Amino acid sequence: MADGALLGTGRPKDEVLALLSERKQSGQNIPWRGPRMFRPSYFAGDDVLQVAQQAFNLFISENWLYSRTSFPALGQIEDEVVTSLATLFHGPATAGGVMTSGGTESLMLAVRIPAHRAEASARGNRRFNIVLPWSAHPALDKAAALMQLEVRRAPAADELVADVAWMTSACDEDTVLLVGSAPPYPYGVMDPLQALSDLAVERNIWLHVDACLGGMILPFAAAAGRPADAFDFRLPGVRSVSVDLHKFGWASKGVSALMLRDKADADHGRTVFTNWPAGLYGTPGVAGTRSGGALASAWAVMRYLGHQGFVERVGQTLAIRDDFMLAIEGVGGRILGQPQGYHFAFHVPGVDSLAVAENLTKDGWYIGSLERPPSIQLMLNVGHAGMAEPFAAALAGIVDDLKAGRRQGSGKRSVYSM
Ligand SMILES: Cc1ncc(COP(=O)(O)O)c(C=O)c1O
């Protein structure tokens, strides 16, 4: 078959599936989970994976778009997930949420809702802005670009957390949104959310907490007696919280939620359109057709593990993270700040971190990296149990080689996604 000629003569099912499986196993694909894969990968054990995948398959062909018309079972599943999250995040009686296809869509709504609220009550032509820490996820800029909002992102700095003084000075009467992350992607160190909440209350500005990574960790870490800052509706300035169930809710890819202090605000993110031959069109978020599988898998993992099951797996994963931090410090590494989730960044004084990262990857340790401060990033899961010492030994060997000039780096930039 010529490359790309997919629509030539059809091929037997077994042949097609064998071909696809061959591609999946090919050398260019990194195994998606453990023991040497430390880039974002969300694994909580084979049992949880099976529950998620089987639940996904049960609803793989039902269209989530029609959950309120053709597939009420999906609608009910959605309501139960939202109610459970509202309770988990200490929402008041008014709390609710919108389920989305992922963190990016949740952040789009987190921008859209306060911007639309402001537009609805504003007079004249105003250009609204959003104020972000330097570490906030770029999906917020994507959202702002689509909505033609101005982004005021804090300048690059060596501090790991949101610069509240800068954010305070960046706000004006056209600021519709402040963001803090729990925790941000780069270093895994929590933003000062209490201070951001105080600012939001004082200036009456919407505060969104991006808990895409931490939303399904922190509540259970707290229950396990681990340090876990308040990030949710306990903070009075917080109006919305995003949480990715397809990350550490261990569901199949394609499901997240934007939780709201007041569910009536969801109307500001809703698209309702009537001037169309097919009649009323309405969607709560950005996506149209999508499989019901991811939603079903989120429901199933929550039902399977229950609160105590999450507390146990979260405790287990944090203990593995601690083993890595200790082992890395044992070979001279320095951890950046005090992470509360499963990921952290570190550097080894005296060597170029990006060169260390490049050489680790060359040796089959698939780690992440950051540009400022130059560092190596690891995201842990239960598949890494027992790997802390072998990792630290590999790290120490590479550091020695770099110091002795036996290895070099090529000066490549750090890449998150392309
Ligand atoms: C803190 C944070 N927010 C938002 C996102 C975007 O999520 P997604 O990739 O599901 O769109 C990510 C992705 O890693 C993230 O780490």
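**Figure 1. R334 and H347 in the four-stranded sheet of the predicted model.** R334 stands opposite H347, a residue of β11. The structure shown here and in the other panels is a predicted model. Strand β10 pairs with β11 (residues 343-347) in the antiparallel sense, and two bridges join them. The open sheet that holds these strands has four members in the order β10-β11-β13-β12, and its pairing is antiparallel. β10 (334-335) and β12 (368-370) are the edge strands, each of them paired on one side only.

**Figure 2. Helix α10 on the four-stranded sheet.** α10 spans residues 353-362 and lies across β11, β12 and β13. Its direction makes an angle of about 45° with that of β13 (375-379). Of the strands it crosses, β12 is an edge strand of the sheet.

**Figure 3. The seven-stranded sheet.** Seven strands make up an open sheet with mixed pairing, in the order β1-β7-β6-β5-β4-β2-β3. β1 (96-100) and β3 (150-153) have a single partner strand each, so one side of each is left without a neighbour in the sheet. On average, neighbouring strands here are turned by 20° against each other, direction ignored.

**Figure 4. Strands β2 and β3 with helix α5.** β2 (residues 129-132) pairs with the edge strand β3 in the parallel sense, over four bridges. Within this pair, V131 has R152 of β3 as its bridge partner. Helix α5 (residues 139-146) lies across β2, β3 and β4 (175-181). Relative to β2, α5 runs at about 170°.

**Figure 5. Packing of helix α4 against helix α5.** The axes of α4 and α5 are 9 Å apart and meet at an angle of about 50°. The angle falls in neither the parallel, the antiparallel nor the perpendicular range, and the two helices are therefore oblique to each other. Their crossing is right-handed. On the α4 side the contact is made by G103, T104, L107, M108, V111 and R112, and on the α5 side by A139, L140, K142, A143 and A144. Sorted by class, this contact has seven nonpolar, two polar and two charged residues.

**Figure 6. The shell around the ligand.** The ligand is surrounded by 14 residues, and the closest are G102, G103, T104, Y185 and C212. Helix α4 (residues 103-121) supplies the largest share of this shell, three residues. G103 and T104, listed among the closest to the ligand, also belong to the contact of α4 with α5. By class, the shell divides into seven nonpolar, five polar and two charged residues.

**Figure 7. Packing of helix α9 against helix α11.** α9 (residues 293-330) and α11 (residues 388-403) pack with their axes 9 Å apart, at an angle of about 30°. Angles under 35 degrees count as roughly parallel, and α9 and α11 are therefore roughly parallel to each other. The crossing of these two helices is right-handed. From α9, the contact is made by D323, F324, A327, I328 and G330; from α11, by A388, E389, F391, A392 and L395. Seven of the residues in the contact are nonpolar, one is polar and two are charged.

Notes: Residues numbered from 1 in each chain as written. Predicted model: local features only at pLDDT ≥ 70, side-chain atom pairs only at ≥ 80, totals over all residues. Axes fitted to C-alpha atoms, helices over the stretch in contact; angles between N-to-C directions. Parallel < 35°, antiparallel > 145°, perpendicular 65-115°, else oblique. Left-handed = near helix turned anticlockwise from the far one by under 90°. Contact = placed C-beta atoms within 7 Å. Nonpolar A, V, L, I, M, F, W, Y, C, P; charged D, E, K, R; others polar. Near = placed C-beta within 6 Å. Pairing = 2+ DSSP bridges.
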